[in-house]
Amino acid sequence: YSKMTGDLKVLTEDKQQSGTSYKAGLRQANNFGKDVHVVDMRSDTITRPSPEMRRAMAEAEVGDDVYAEDPTVLKLQKRVTEITGMEDSLFVSSGTMGNLIAVLAHCWERGSEIIIGDLSHIIKYEQGGASQFGGICLRTVKNKDDGTFDIEEMLSKVRDPVDIHNPITRLICIENTHNVCGGRVLPLEWIDQVVAVSTQRNIPVHVDGARLMNAAVHLNVPPSRLLRGCASVSICLSKGLGAPVGSVLSGSKTFIQRALRLRKSLGGGMRQVGILAAAGLLAVNNMVDRLADDHLHAKMIGEAINSMNSENMQVDMSALESNILMVETKRPLTPEDVAARLSQITEKESEELKEKIVVRCFGMTRTRMRITTHADLSRKDIEAAIRKLKYIIAEYDSVA
Ligand SMILES: *Cc1c(COP(=O)(O)O)cnc(C)c1O
């Protein structure tokens, strides 16, 4: 990169080599000056509770939730049960805990196996918790670009339970929207097909619905439609919905009873947790419709990048369905280079733009940089991010 742009004088930069990867992104300190407009697009998890949400939390009615006596938690669980169209729900501390409990509850017998996409969050970002804590085998099928996988391939991996050499296929997991695939929304027909063939074989389907509400908003259908015939779902409250903590797991009454026992054993039995559930309740009631703004913002950024007709950076707009934007970078440029440049302000840039803008994001794969839109970004923030992106694209293109 420095070969491409010469030695531009950098005014503001994270001294710990910012933005270059997820890990570096985490280390990145907020040490940009007061006059710097920072647009943080690393993740929708960075959203902070609004004043209204904080008020709801402060005023929440609470009780001991291990005794099932916290009225606010019960209210949240009831509300999410309505939304998912399932029988019962359980508030858990995180999406990772929701997925772990779901997988453990479905695979209660030793020698169990789950079939799952190779780019799924459960495989990539949850430390293999299912095997770590449950001794469960994870058998992967190849994820396609759109977050689905080939149903024939999936079926070829279902084990014959009569053959005593085999583990027993106990669960199929899908992810909606699909994070690593770029916030892709699973097609309804595909979900229906997975459910149909799995039901035939008596294998339940678990949905990692960390961003299920984004999928529902994109398709303009009720979330329950995305879950038709599915056995369980885990939904994050702390991403685009803006709550500070928590996920909710939904499923049958029997499943949730099992989940309740597992949650306690994992140390997830919390007490006056209505304080957190109050934020979640406000999130599912008031924060879903506005996800459309995040989707629009992602489109605006994608279109702005493509309007530069750059050889170096492009967005596949046909793959842009929700709040996760994948920017393709062309070698020798890497996603890490671009993310690092976005976190810098050069002297020349500051003079030409007459403002100081930093955009925070990170490289997700070898050729893709992830930008995430969310509730804490206003239209003004998005417009600033676009000015910065256009500026650095022009800079790259002028050297090439
Ligand atoms: C964020 C996320 C989770 C859970 O994450 P936590 O940080 O543990 O809440 C699970 N699945 C997907 C697809 C996610 O994006």
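Start with Ile174. Setting aside neighbours within four places in sequence, this residue touches Phe149, Leu186, Trp190, Ile191, Val194, Val205, His206, Val207 and Asp208. Bear in mind that what you're looking at is a predicted model.

Ile174 belongs to the largest nonpolar core, a set of 50 residues, and together with Leu76 and Met154 it has the most contacts inside that core. There's also a second, separate core of 30 residues, with Ala304, Leu320, Leu377 and Ile392 among its members.

**Rings**

Two of the contacts of Ile174, Phe149 and Trp190, turn up again when you look for aromatic pairs. How many such pairs does a search of the whole structure find? Just 1. The ring centres of Phe149 and Trp190 are 5.0 Å apart and the planes meet at 80 degrees, so this one counts as edge-to-face. Phe149 comes from the loop between strand E5 (137–141) and helix H8 (151–156), while Trp190 is part of helix H9 (residues 188–200), so the pair ties together parts 41 residues apart in sequence. Are these two residues buried or exposed? Both Phe149 and Trp190 are buried.

Another ring has a charge for company: Arg170 places its charged end over the ring of Trp108, 5.8 Å from the ring centre.

**The sheet**

Now for the strands. An open sheet is built from 7 of them, in the order E3-E9-E8-E7-E6-E4-E5, with mixed pairing. At the edges you'll find strand E3 (88–92) and E5, each of which pairs on one side only. From one strand to the next, the twist averages 20 degrees. E5 is joined to strand E4 (residues 112–117) by 5 bridges in the parallel sense, and the bridge partner of Gly117 in E5 is Val141.

Helix H12 (residues 253–265) lies across E3, strand E8 (232–236) and strand E9 (247–251), and runs at about 20 degrees to E3.

**Around H10**

Helix H10 (residues 212–219) has Leu212, Met213, Asn214, Ala215 and Ala216 as its buried residues. Here is what those buried residues pack against:

| Partner of H10 | Residues |
|---|---|
| helix H4 | 71–84 |
| strand E7 | 205–209 |
| helix H11 | 223–226 |
| helix H14 | 291–307 |

E8 is a packing partner of H10 too, and that strand is also one of those H12 lies across. Right after H10 comes Asn220, with a positive phi near 55 degrees.

Note on methods:
Residues numbered from 1 in each chain as written. Predicted model: local features only at pLDDT ≥ 70, side-chain atom pairs only at ≥ 80, totals over all residues. Heavy atoms only, no water. Core = buried A, V, L, I, M, F, W, Y, C linked by side-chain atoms within 4.5 Å. Buried < 20%, exposed > 50% of the residue type's maximum accessible area, 1.4 Å probe, protein only. Contact = heavy atoms within 4.5 Å. Phe/Tyr/Trp six-rings, centres within 6.5 Å; stacked < 30°, edge-to-face > 60°. Helix = DSSP H or I, 4+ residues; strand = E, 2+ residues; numbered from the N terminus. Lys NZ or Arg CZ within 6 Å of the ring centre and 35° of its normal. Pairing = 2+ DSSP bridges. Axes fitted to C-alpha atoms, helices over the stretch in contact; angles between N-to-C directions.
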